[in-house]
Amino acid sequence: MKSFVRLFICLLIAGHAQAQSIDSLLARMSLIEKVGQMTQIDLSVLVKGGYCNPVEPLALDEAALATAFGKYRVGSVLNCACGSGSKSPATWNFLIDGIQASAQSHGLMPILYGIDAIHGTTYSSKGTLFPQPLGQAATWNTALVERGAEITAYETRASGIPWNFSPVLDLGRQPLWSRMFETYGEDVHLCTQMGLAAVKGYQGASEQIDDLHVAACLKHFLGYSASLSGKDRTPAYLAERDWRDLYLPPFEAAIRAGARTIMVNSGEISGIPVHANPRILNDLLREELGFKGVVVTDWEDIYKLHINHRVAPDFREAVKLAILAGVDMSMTPNDFRFNDLLIDLVQSGEISEDRIDASVKRILELKQELGLLEHREQNLKFPFYASADFKSAALQTARESLTLLKNEGTLPLAPNQSYAILGPVNHSLTLINGAWTHTWLGRDEAAAQEHGLGMTLAQAAETYAPQHRFSSPFFKGYTLSKEDRKAIKKASSVVVCLGEEPGTEVPGNTQSLELSRAEIDYIKAVAACGKPLTLVLFFNRPRIISEIEPLATAIVYAYLPGDHGPQALIETLIGENNPSGRLPFTYPQSAGSVVHYDRKHTEDFHSDYSTNAYQPQYDFGFGLSYTTFEHAHLLLSDDRLSDTVYAYWTIQNSGTMDGYEVAQLYMQDLYASVTPSVRKLIAFEKVFIPAGEFRTVRFAIDRSMLSLVNAQNQRVTESGEFEIWGNLGNRKRLLVP
Ligand code: BGC
C-alpha cells in the first residue's frame, strides 16, 4: 500500500505524462485497493446531506470522502447525486476536481466518472440537447447520430466526465416498456447502424480515445427490453435462438467496432438474472465475442440478486454469483457492503485473486486510455460548448426526426392567417425532452427552464413564424377553456400537441398504450369546432390513436425532440422544413395488436383466416413528405448471388419542394429451415433530392445480409430463393447457391 502511494507521488512530482505499466500497478495493489477499483458509488454518497438527500449547493463531505477513498479505495463515481439536477460545467469541474484531489490525497489513482448523457449532455446546464434516441433513429441518418454523439462527448468532457452510459442498444419492440424512447426502435439493422454511429461519435475514429471523446457504454446486455409484461425489469422469455437473432446483433457489431464498456441487463432471461449468468457474461461476451472492455452492473444490481431476484439467499452469495458470472465493476452504488463481502470471498478462497486481477486490469486499462493514469495536464478549454454550430446539429436532427404520418392538404400552414396551438405541450420543456433531462425522470419544469436552452412551442411560434398568427393559450386541462375556444374561433386551422408525462424505468411503467378518455374527448371537442386539425404527438412510445386519427387532417409524430424540437416543429408546420422522418417502429392500431413489420407469416392470419391481419396504424419505415418521390423499379445486377449483387433504382423528386427520401431495401427468405420473416430491412440510405431531380441509389448485397439463426443457434446463410425489393415494392428473385 505504501509503495503504491509512493509510486503516485513520484509521478506527480515528476509531472510525467507517461503511460503506466498496468501490470506493475496491479502488482503493487492490495486486495482492498483492487476491490475498490471494482466499485462505483453515487455522487450523493460523497456530498453533504448523504445518500439521496443532497444539500444544495452540493459540497463534498470530508468524512464521506475519507470512508470512500481512504478506507474503501473506491475507483469510480457516477451520476449527479439523486435529487440534484444539472450543474454548470464549472460546478462539475469543481466537484470532480475536489473528488480527484481527495482521491489523490488518499494515495489513490484518479477516479473514473460516469454519467447518463443519453441525448446530449443531459445533466450539464445550458448544454446541447438532441432528440431522444428513438427520434434520432427516425432520422434514418447515421451521420446526424454520429455528429450528435460527438457533440455529446465534447460537452460531457467539458464537465470533466470521460464515460457515458450510452447508447441503449436494446430493441424497442415492446411499446409498453417505459424505456422505448431510449431505443433506436424495433429493427435489428436500423438499431445496429445507429449504434455504430453513436459509438463512433462518442469514442472518436482513432485507435485511442482522446480528450474530446468519451468511452461509450453499450446497454443493457442482453434482452433487457424484451420483458413479456412490458414492465421495467421484469422477466424476458427468450430462447437462445431468439436473442441471437434479434437482440445480440447490435451489441455484437458495436463490440467489434471497439466499444469500451458494457452495462448488464437488470432483468432476467428465462429465469436467470443476467447479472448472475456466466453463459452470457463470460462464454458469450468474453469467449465468443472477444470483448476486452469493462462490464459494469446496472444500479444496485448485485444486491438485487438477493433482494429482488432471490437467486442468492444473502448479499454475500449475490456478490459471489455476479463476480463469478463476469462482472468487472459494481454500480453498488450507495454503501460499501460489496467491498467487505468481496474481500471476504477472496480471503476465504471462494473467489480467486486472479479473477479479481482480470477485472481490475480491464478497469486500469480503461483509465489509462482515458488519460486518467497519466495525470495529463487538464488545461483543455471547451470553446464550442453550447455553440451555434452544436445547436444547429441538434436542430437539424430534430427537423429530420419529425415524421409526417397524415396530411390531407392541411400542412404546411399558409402565412398571414391565424392558427391555434392547443394542448399540454405549449409551455413545457419537460414534455419535449422526456426523462434523463436535468433530472433522472425529467419532470422538473423549473429545472428544464433554468438549465435548458430551449424555447417552448409558444415562444418558438412567435419567434420563428412571424408571418403566421399563432395563439398558444396556457393548458388548463382536457376541457376546452375560454381561451382555447377564442383561439379556435379565430383560427383557420388548429394544431393540438399531445404529450406524455416524462418517465423511465419503473416509474415510467404504464398500464396501457391507450390515451386517456379525457385526451380523446378533448380531441373530439376540438374537432367538433370544424376546423382542419393537425395532431402532433410527443410520446415516450406509440400510444393508440385509432379513435382520434379520423378526426385529424394531419398528424406529425414528434418523439421527444429535445430543446430545439419546438423550433423544428414550427418550421415544419409552416413549410420551412420538409419533414423526412420515417417510423423506426411499427405503430400499432390497437393495444392488443402489437405486431412488428418483420413478423412471421403465421402472424398475418386474421380470425377469418384471410392473411391481412397485419393492419398497423402506420407501417415501420413510413413517413410522408411535402414533396412526392417516384421510385423506379428496382433492378439487380444478377439474379444469382456469388459474392455481391447490387440492387439499384432511381428516385425522382417529382414535386415542387426539395426534400430527403429514405431508400429502404427489404428481403424475404422464401423458405428456410426456421420460419422466415415476412420481410426484413437489410439496407437504407437517406438521400437529399432537389425538386425535379433524380438520384440513383445502389446497395451491395452480400450473403451475410441474408442470414438467419438456425435451429443450432448458428448464424448462417442458407441456399435458396430470396426476394428483394425497395420502396416501390416490385420484387426481384435472387438465388443463393
Ligand atoms: C439505469 C441505467 C443507467 C444507470 C445509471 C440505471 O437505473 O437502468 O440505464 O445507466 O441507472 O444512472
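This briefing describes selected helices, helix packings and loop residues of the structure above. The model is a predicted one. Helix H9 receives the most attention here, since several entries concern its bend, its burial and its packing; in H9 a kink of about 65° lies at Leu248, and 12 of the 17 residues of the helix are buried. The remaining points cover the contacts of helix H15, the burial of helix H13, two cis peptide bonds and a few loop residues.

**Helix H9: bend and burial**

- Helix H9 comprises residues 240–256 and spans only 20 Å between its end C-alpha atoms, whereas a straight helix of 17 residues would span 24 Å at 1.5 Å a residue.
- The kink in H9, of about 65°, is located at Leu248, and the proline Pro249 comes shortly after that position.
- H9 is mostly covered, with 12 of its 17 residues buried; among them are Leu248 at the kink and the two prolines Pro249 and Pro250.
- The buried residues of H9 also include the charged residues Arg241, Arg244 and Asp245, together with Trp243, Leu246, Tyr247, Phe251, Ala254 and Ile255.
- After H9 comes Gly258, a residue whose phi is positive, near 100°.

**Packing of H8 against H9**

- Helix H8 (residues 188–203) packs against H9 at an angle of about 20°, and the axes of the two helices are 9 Å apart.
- Because angles under 35 degrees count as roughly parallel, H8 is described as roughly parallel to H9.
- The crossing in which H8 passes H9 is right-handed.
- On the H8 side, Val188, Cys191, Thr192, Leu196 and Val199 take part in the contact, and they meet Asp245, Leu246, Pro249, Pro250, Ala253 and Ala254 of H9.
- Several of these H9 partners are themselves buried, including Asp245, Leu246, Pro249, Pro250 and Ala254.

**Helix H15 and its two helix partners**

- Helix H15 (residues 388–401) packs with helix H21 (residues 565–573) at an angle of about 50°, the axes being 8 Å apart, and the two helices are therefore oblique to each other.
- The contact between them is made by Lys391, Leu395, Ala398 and Arg399 of H15, together with Gly565, Gln567, Ala568 and Glu571 of H21.
- H15 passes H21 in a right-handed crossing, whereas the crossing of helix H7 and H15 is left-handed.
- The axes of H7 (residues 142–158) and H15 come within 10 Å and cross at roughly 140°.
- In the pairing with H7, the H15 residues are Asp389, Phe390, Ala393, Gln396, Thr397 and Glu400, which meet Leu144, Arg147, Ile151, Tyr154 and Glu155 of H7.

**Helix H13 and its cover**

- The buried residues in H13 are Phe338, Asn339, Leu341, Leu342, Ile343, Leu345 and Val346.
- The elements covering these buried residues include helix H3 (31–37), strand E1 (39–42), helix H11 (301–307), helix H12 (315–325), strand E10 and helix H14 (353–369).
- Just after H13, Gly349 adopts a positive phi of about 85°.

**Cis peptide bonds before proline**

- The peptide bond from Thr332 to Pro333 is cis, with omega near -20°, and Pro333 is placed in the loop between strand E10 (330–331) and helix H13 (337–347).
- Leu411 and Pro412 are likewise joined by a cis peptide bond, for which omega is about -5°; Pro412 belongs to the loop between strand E11 (403–407) and strand E12 (418–422).

**Loop residues with positive phi**

- Lys126, a residue other than glycine, has a positive phi near 60°, and it is located in the loop between strand E3 (112–115) and helix H6 (133–138).
- With a relative accessibility of 34%, Lys126 counts as partly exposed.
- Arg233 is not a glycine either, yet its phi is positive at about 65°; Arg233 lies in the loop between strand E5 (217–221) and H9.
- Buried means under 20% relative accessible area, so Arg233, with a value of 19%, is classed as buried.

**Ser546 in its loop**

- Ser546 lies in the loop between strand E15 (533–538) and strand E16 (554–557), where it is partly exposed, with a relative accessible area of 30%.
- Beyond its neighbours within four places in sequence, Ser546 is in contact with Gln589 and Gln617.
- Ser546 and Pro588 are 42 residues apart along the chain, and their C-alpha atoms are separated by 8.9 Å.

Conventions:
Residues are numbered from 1 along each chain as its sequence is written. This is a predicted model: local features need pLDDT of at least 70, side-chain atom pairs count only at pLDDT 80 or more; totals for chains, interfaces and linings use all residues. Side-chain values use heavy atoms; hydrogens and water are left out. Helices (H or I, at least four residues) and strands (E, at least two) are DSSP runs, numbered from the N terminus. The expected span of a helix is 1.5 Å times one less than its number of residues. The bend at a residue is the angle between axes fitted to the seven residues ending there and the seven starting there. Buried means under 20% relative accessible area, exposed over 50%, partly exposed in between (1.4 Å probe, protein chains only). Axes are lines fitted to C-alpha atoms, for helices over the stretch in contact, and angles run from 0 to 180 degrees between N-to-C directions. Angles under 35 degrees count as roughly parallel, over 145 as roughly antiparallel, 65 to 115 as roughly perpendicular and the rest as oblique. A crossing is left-handed if the near helix is turned anticlockwise from the far one by less than a right angle, and right-handed if clockwise. Contact means heavy atoms within 4.5 Å.
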